[in-house]
Amino acid sequence: MGPSFEAPARYVADNTAMLINLGQSMLAGAVVGRVIVVSSGAVYDASHDAPMDEAAPVGYSSPYVVSKVAVEGMARYYRGRGQDMVVARPFNHIGPGQGAGFLVPDLTSGLRHAMMSDGELAVGDLSTARDYTDVRDVVRAYRLMLDAELGHWVYNVCSGQARSGTEILAILQQNTATTSVRSTLDPSRIRPSDPRVVRGVSDRLHEATGWSPVIKLETSLRDYVQDSA
């Protein structure tokens, strides 16, 4: 989401253009079948700590979020034109193959670098907690949504549990043999507007498809470390 503040027009234009091109192809008969439109759990107003289901209020915290809300609006428009579009709102992803710029990859690379240098890792506020789901569980949810009888047009994809950055760092240190690394708070990495806790509710998806996440956070982190070695 951070980079979207520097290029708001590009985020909104690119994300909506992709959906519009697909929707127009569906109207023309060039694309047939159900489309899962991937939005984000970040669209919710996370100014409170209550778990967020699909009826929770939407917020507009970044140009990225605005682009996702716009994409959802276009999906609803094409649904009104008779096209089978369903919106998924996944919360935070983790797992093997994740690239730099996210918490787990950045902490892992930082720990490895610290072991080879001064043994210190600069971090932001790791007391905040987020709802993490392994990417393999997320993909499985999308696959089930393609074939299920769905009574709604939007579905959360999430674990239903909030885990703190402190917990994640401790697990990563165990898996990278870097328990001797000391973490130090870097004030420049703190964003005062960040919500303390973000947690979703995926009951609607479970009732429609039977989906529940099966890969534990500890397994995701271990697999990421092994894959990135």
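Reader: What volume does the second largest pocket have?
Author: The model is predicted, and its pockets are found by calculation. Rolling a probe the size of a water molecule over the atoms shows where empty space is left. For the second largest pocket, the volume comes to about 200 Å³.

Reader: Which residues that line the second largest pocket are the closest to its centre?
Author: The lining has 14 residues, and they divide into six nonpolar, four polar and four charged. Strand 6 (132-134) and helix 7 (217-228) each supply at least two of them. The closest to the centre are Y132, S159, I215, K216 and L217.

Reader: Is P63 buried or exposed?
Author: P63 is found in helix 2 (residues 63-80). Leaving aside neighbours within four places in sequence, P63 is in contact with S4, F5, P8 and V12. The C-alpha atoms of P63 and S4 are separated by 5.5 Å, although the two residues are 59 apart along the chain. Buried means under 20% relative accessible area, so P63, at 15% relative accessibility, counts as buried.

Reader: How far does helix 5 reach from its first C-alpha to its last?
Author: Helix 5 (residues 165-176) has 12 residues. At 1.5 Å a residue, 16 Å is expected, and the helix is close to that, with a reach of 16 Å.

Reader: Against which elements do the buried residues of helix 5 pack?
Author: In helix 5, the buried residues are G165, I168, L169, I171, L172, Q173 and T176. Just after the helix, A177 takes a positive phi of about 55 degrees. The buried residues of helix 5 pack against helix 3 (103-115), strand 4 (120-123), strand 6, strand 8 (163-164), strand 9 (182-185) and helix 7.

Methods: Residues are numbered from 1 along each chain as its sequence is written. This is a predicted model: local features need pLDDT of at least 70, side-chain atom pairs count only at pLDDT 80 or more; totals for chains, interfaces and linings use all residues. Side-chain values use heavy atoms; hydrogens and water are left out. On a 1 Å grid over the protein atoms alone, a cavity is a set of points where a 1.4 Å probe fits but cannot get out, and a pocket is an open set with protein on both sides within 12 Å along at least five of seven lines; lining residues have an atom within 4 Å of a point. Grid points are joined across faces, edges and corners, and a volume is the space filled by probe spheres set on the points. Helices (H or I, at least four residues) and strands (E, at least two) are DSSP runs, numbered from the N terminus. Ala, Val, Leu, Ile, Met, Phe, Trp, Tyr, Cys and Pro count as nonpolar, Asp, Glu, Lys and Arg as charged, and the others, Gly among them, as polar. Buried means under 20% relative accessible area, exposed over 50%, partly exposed in between (1.4 Å probe, protein chains only). Contact means heavy atoms within 4.5 Å. The expected span of a helix is 1.5 Å times one less than its number of residues.
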